[in-house]
Amino acid sequence: MPILLNPVETAAGETRVAASPETVKKFTALGCRVVLERGAGQPSGYLDQAYAEAGAELVTRGDSSAWTQADVLLCVQSPSTQALSQLRRGALVVGLLAPYANAELAAGLQQAGLSAMALELLPRISRAQSADALSSQANIAGYKSVLLASAALDRYFPMLMTAAGTVQPARVVILGAGVAGLQAVATARRLGAVVYVSDIRPAVKEQVESLGARFIDPPEMEDKPAESGGYAKQASDAFLAAQRQQLSDQLAEADVAICTAQVPGRRAPRLISEDMLDRMRPGAVVVDLAVAQGGNCADTVASKTVDRNGVKLIGANDLPCTVPNHASAMYARNLLALLQPTLKDGQLTLDSEDELIAGCLISQDGTIRRGDVLTPGAN
């Protein structure tokens, strides 16, 4: 009977939990013993009693015996190296482990002899959609980014016909039409804004227009980037420069800009320069979802709102943590979908030849499998 441990998250500001009462019940039905540290779900609105009623065993936070007995550690963000060292050799760690060039994580996994699956590396194939945690969390970030913008903006989002005259709708420009960008489009449209979308991939035009937004066609250049494995490829400097020039006029007329452009494992492309910000009207709002990866917009600061000559720059990192109940519910279902096929006859079996497993299995019994991503000693 595999033992699944869900600890209290220790990262600053992390409010999500890796197991919900719903998934605890389903893991138990699959023959697992689920152990939860007390209070692990409280920031997400899930009480210990609900977990106990779903079949979980509750233990004191940091209970060493629970850690040493665990076969699988379910987490949102990776625990510290010291915490990982408490796990028995051969145990499996599953979560959003931030694997890119993470020498500390690599050393911790090697020293403790652990296996690990990083959800950031899940292949973008149809069979993996139900386990795609990046998408489920980006969906929430896109939704919340529009709410932040609407709360900070100095005018209405929708067009209103009033006795005092007609109020024109807000003009929103969204940079990037990935999962977060498309959810931002849908949310801004529901609030009544006129929405324009810029993306380096012409192929997303149909999706953008199906949501009622207007697509800004990318510059005509020979080296137009596309996508690989479901992720946007890094664009060339020349292409990005041409795109910024094109965006400048759009942003000069915008009330809101929402930046969502990111490339896994790389610094976020800088799309909005200081010169472009200078052209935006006082009272306009920029929400930068890529701020933790260097930011799409100049002068944004993580977790802070900066007033730049009247333009509000919101460094919106970790937005899923601001909607922890639904973020946790979806994340927990992602983990269930990923692990369910590995649980057979009361045993946990990892098929390293399976495309779904192989893509995100960064370590196996302490041996680093994805040295292209997780390299000890990398900067």
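## Helix 7 and its C-terminal end

In this predicted model, the residue Gly192 follows helix 7 and has a positive phi, near 100°. Helix 7 itself covers residues 179-190, 12 residues in total. From first to last C-alpha it reaches 17 Å, close to the 16 Å expected at 1.5 Å a residue.

Helix 7 is mostly covered, with nine of its 12 residues buried. The buried positions are Ala180, Gly181, Leu182, Gln183, Ala184, Val185, Ala186, Thr187 and Ala188. These residues pack against two helices, helix 6 (133-152) and helix 8 (205-210). They also pack against strand 9 (171-175), strand 10 (194-198) and strand 14 (256-259).

## The seven-stranded sheet

Strands 9, 10 and 14 belong to an open sheet of seven strands with mixed pairing, in the order 11-10-9-14-15-17-16. Its edge strands are strand 11 (214-216) and strand 16 (305-308), each of which pairs on one side only. On average, neighbouring strands of this sheet are turned by 20° against each other, direction ignored.

At one end of the order, strand 10 and strand 11 run parallel and are joined by three bridges. Tyr196 stands opposite Arg214 of strand 11.

## Helices packed on the seven-stranded sheet

Helix 6 packs on this sheet, where it touches strand 14, strand 15 (285-288) and strand 17 (311-315). The direction of helix 6 makes about 155° with that of strand 15.

Helix 7 packs on the sheet as well, touching strand 9, strand 10 and strand 14. Its direction makes about 165° with that of strand 10. Strand 14 is thus touched by helix 6 and by helix 7.

## The eight-stranded sheet

A further open sheet has eight strands in the order 3-2-1-4-5-6-20-21, again with mixed pairing. Strand 3 (57-59) and strand 21 (367-368) stand at its edges; each has a single partner strand, so one side of each is left without a neighbour in the sheet.

Strand 1 (residues 3-6) and strand 2 (residues 33-37) run parallel and are joined by four bridges. Within this pair, Leu5 has Val35 of strand 2 as its bridge partner.

## Helix 5 on the eight-stranded sheet

Helix 5 (residues 103-112) lies across strand 6 (115-118), strand 20 (361-364) and strand 21. Helix 5 runs at about 35° to strand 20. In the strand order, strand 20 stands between strand 6 and strand 21, and strand 21 is an edge strand.

Definitions and conventions:
Residues are numbered from 1 along each chain as its sequence is written. This is a predicted model: local features need pLDDT of at least 70, side-chain atom pairs count only at pLDDT 80 or more; totals for chains, interfaces and linings use all residues. Side-chain values use heavy atoms; hydrogens and water are left out. Two strands pair if DSSP finds at least two bridges between them. Contact means heavy atoms within 4.5 Å. Axes are lines fitted to C-alpha atoms, for helices over the stretch in contact, and angles run from 0 to 180 degrees between N-to-C directions. The expected span of a helix is 1.5 Å times one less than its number of residues. Buried means under 20% relative accessible area, exposed over 50%, partly exposed in between (1.4 Å probe, protein chains only).
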